[in-house]
Amino acid sequence: MTQDEAFKVLTMGKNVFLTGAAGSGKTYVLNRYIQWLRQRGIEPAVTASTGIAATHIGGQTIHAWSGIGIKDELSPYDLDRIEQNEKLVKRFQRTHVLIIDEVSMLSAKTLTMVNQSIQAGLQTYEPFGGMQVILCGDFFQLPPVTRGSEKIQYAFQSKTWNELALHTCYLTDQYRQNDTDLLALLNAIREGNVTRPLRALVEKRIGHTVPQDIPHLYTHNANVDELNTKRLEALSTPSRIFSMKGKGSKKRVEMLKKGLLVPEKLTLKKGAVVMFVKNHPQGLYVNGTLGTVTGFTSQNPLVKTHSGETIETEPASWQIEDGEKVLAEVTQIPLRLAWAVTVHKSQGLTLDAAYIDLTKTFVGGQGYVALSRVKTFTGLYLEGINDWAYARHPDVAEANERFLAHSARTQLRLQKTPVERISEVSKEFIFRVGGHEPDHTKPTKKLTAKENISTYEKTKRLLIEGASLDAIVKKREFTPETILSHIEKLLEKGSITKSHLEHVRDDSKLSDAKFASIARAFAKEKTWNLSPVRITLKNKYSFEELRFARLFLRPWGKE
């Protein structure tokens, strides 16, 4: 099934299991649907099975959202407590669409408890209180965590799964891997038929000279911590420490911290290999972009990515939201040391290259997740691999055949449904849950940038009103570097022109002589990147001064 077909099924208000191989675009379809709903006045509950997965889609854990916490089962007392929890009941009452991402890591017990909690809160026996439920994930990836010898019980093995009458949408296109041999291997793992020639291709990736500064993936935390600490300590450069800041209730802030890839206390040095752990709203970097720390401004690290771009990395925020209300927020530089990460924490990342040790693989799905992080076989460097890395759970293999058949039937029904009828059903669904037709006179809000769009507009208004740069910095309570980045973005988009900055140039602390010197350096280097120009000027000027001058030197927008 294509992404467009899956999207149409979602807009019809059906309960959906959205699945497909790693890299097939499941998160893209989810984000597209979330945006579509918001355009029509519907705020979906966006959740995931783990904190890390929740941060990837800007949501919270299903455990926190549903009020079940970390329990193994809900007692009559627990259900009574939920019934009496006015805040939780109101949350359920206003939710018409519930999204649960990375469902492969959600146990059958947990899915059942979420259903029980909602039914108790809404005093109904209807599955999930009648909400549209969207379960997203790939059961060939990491399974639910179990205790001791406890048997794995996947979400699809629960009675609740069957009660939802899910429409399966199995995405078949591939957007991550473009290597036919690697795709063949990953498909073979899914099919349980990794042939000797495919294993030989994998084994050829063992023993190669490993390029410097590519991430190492291990199955155990101890290996990750050991390598990162060792590599950082080996650097002779001074260290800088960045501490996480939190707002909101202590309990929720702590819950949010536990789900993040970024550490609470981030220690960096010049030369440290790092990974961005969040998507930048304007695309400067994505979750998984690799780079090296090249230095620091007065407040932020400078990271040179593998593509050669130097980025001043400003703090980013992660939130737990309930509709439009922010329940908790943490702020930290969106980086982590990336000489090594666990396979578990790599799920959701796309890497150009990685060194992977699969000699200690101990559960089905680990090998598939690790191998599917890279785009090509040439980007794969192996320490070694054991048979577990090719394993799939027999229950998953059997269920996968059913999912493929269900998806084929869903696709056939969709193809037989007239376009006009699909539109009618979508409208009926929207009005039934209290939505409205989209207002096409308003600009479309992007899921990942709704806050940043408004923050640019606030800076723009102050500029047009004639406020100085110092005044804007003080009024907005941001650093000068952040305000300069706002102005650059406004110029790029054509929202303002250089004429709006004349008063800023007049009251700046940058003398004409300094400005002329910087202009000559930009002309000499024939680049708008700051680092080469700063080197040419023998570090006489700060990055802030260079960025300020660049505002007036560089062609912007439609110039």
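This passage describes the overall build, the salt bridges, a charged surface patch and selected backbone features of a predicted protein model.

The model is predicted, and local features were therefore accepted only at pLDDT of at least 70 and side-chain atom pairs only at pLDDT 80 or more, whereas totals for chains, interfaces and linings use all residues. Residues are numbered from 1 along each chain as its sequence is written, and side-chain values use heavy atoms, with hydrogens and water left out.

The protein chain has 23 helices and 20 strands, where helices (H or I, at least four residues) and strands (E, at least two) are DSSP runs numbered from the N terminus. For 559 residues, a compact globule would have a radius of gyration near 24 Å, and the value of 25 Å computed for the protein chain agrees with this; the radius is taken over C-alpha atoms, and the globule rule is 2.2 Å times the number of residues to the power 0.38. Along the principal axes, the C-alpha atoms fill a box of roughly 75 × 60 × 50 Å. Buried residues account for 51% of the 559 residues in the protein chain, with buried meaning under 20% relative accessible area, exposed over 50%, and partly exposed in between (1.4 Å probe, protein chains only). The accessible areas themselves come from the Shrake-Rupley method with a 1.4 Å probe, and for residues only the protein chains shown count as cover.

Helix H23, which spans residues 543-553, is mostly covered, as 8 of its 11 residues are buried. Among them are the nonpolar residues Phe 543, Leu 546, Phe 548, Leu 551 and Phe 552, and the buried set of H23 also includes Arg 547 and Arg 550.

Side chains of opposite charge can pair when their charged atoms come close. With a salt bridge defined as a side-chain nitrogen of Lys or Arg within 4 Å of a carboxyl oxygen of Asp or Glu, the count comes to 15 salt bridges. One of these involves Arg 547 and Glu 312, whose side chains meet at 3.4 Å, N to O. This pair links distant parts of the chain, since Glu 312 belongs to strand E14 (residues 310-312) and Arg 547 to helix H23, 235 residues apart. Both Glu 312 and Arg 547 are buried. Arg 547 also forms a salt bridge with Glu 488, the closest N and O atoms being 3.1 Å apart. Here too distant parts of the chain are linked, with Glu 488 in helix H19 (residues 480-493) and Arg 547 in helix H23, 59 residues apart. Glu 488 is buried, as is Arg 547. Through shared partners, salt bridges join Glu 312, Glu 488, Arg 547 and Arg 550 into one network. A further salt bridge is found between the side chains of Arg 38 and Glu 43 (2.7 Å, N to O); Arg 38 is partly exposed because its relative accessible area is 25%, and Glu 43 likewise counts as partly exposed at 25%.

At the surface, Lys 14, Arg 409, Arg 413 and Arg 432 form a positive patch. Such patches are made of residues with over 30% relative accessible area and no salt bridge, like charges being joined within 9 Å and nonpolar side chains (Val, Leu, Ile, Met, Phe, Trp, Tyr) within 5 Å. Lys and Arg count as positive and Asp and Glu as negative, while His and the chain ends are not counted; the place of a charge is taken as NZ of Lys, CZ of Arg, CG of Asp or CD of Glu. Within this patch, Arg 409 is found in helix H15 (residues 394-416) and is partly exposed, with a relative accessible area of 44%.

Most residues other than glycine have a negative phi. Gln 123, although not a glycine, has a positive phi of about 55°; Gln 123 is found in the loop between helix H7 (108-122) and strand E5 (132-136), and its relative accessibility of 58% means that it counts as exposed. Ala 165 likewise has a positive phi, near 50°. Ala 165 lies in the loop between helix H8 (159-163) and strand E6 (167-171) and is exposed, with a relative accessible area of 51%.

Two C-alpha separations complete the description. Ile 82, in helix H5 (residues 76-84), is buried with a relative accessible area of 0%, and lies 8.6 Å in space from Ile 118, C-alpha to C-alpha, the two being 36 residues apart in sequence. Thr 310, in strand E14, counts as partly exposed at 25% relative accessibility; its C-alpha atom is separated by 32 Å from that of Ala 222, which is 88 residues apart along the chain.
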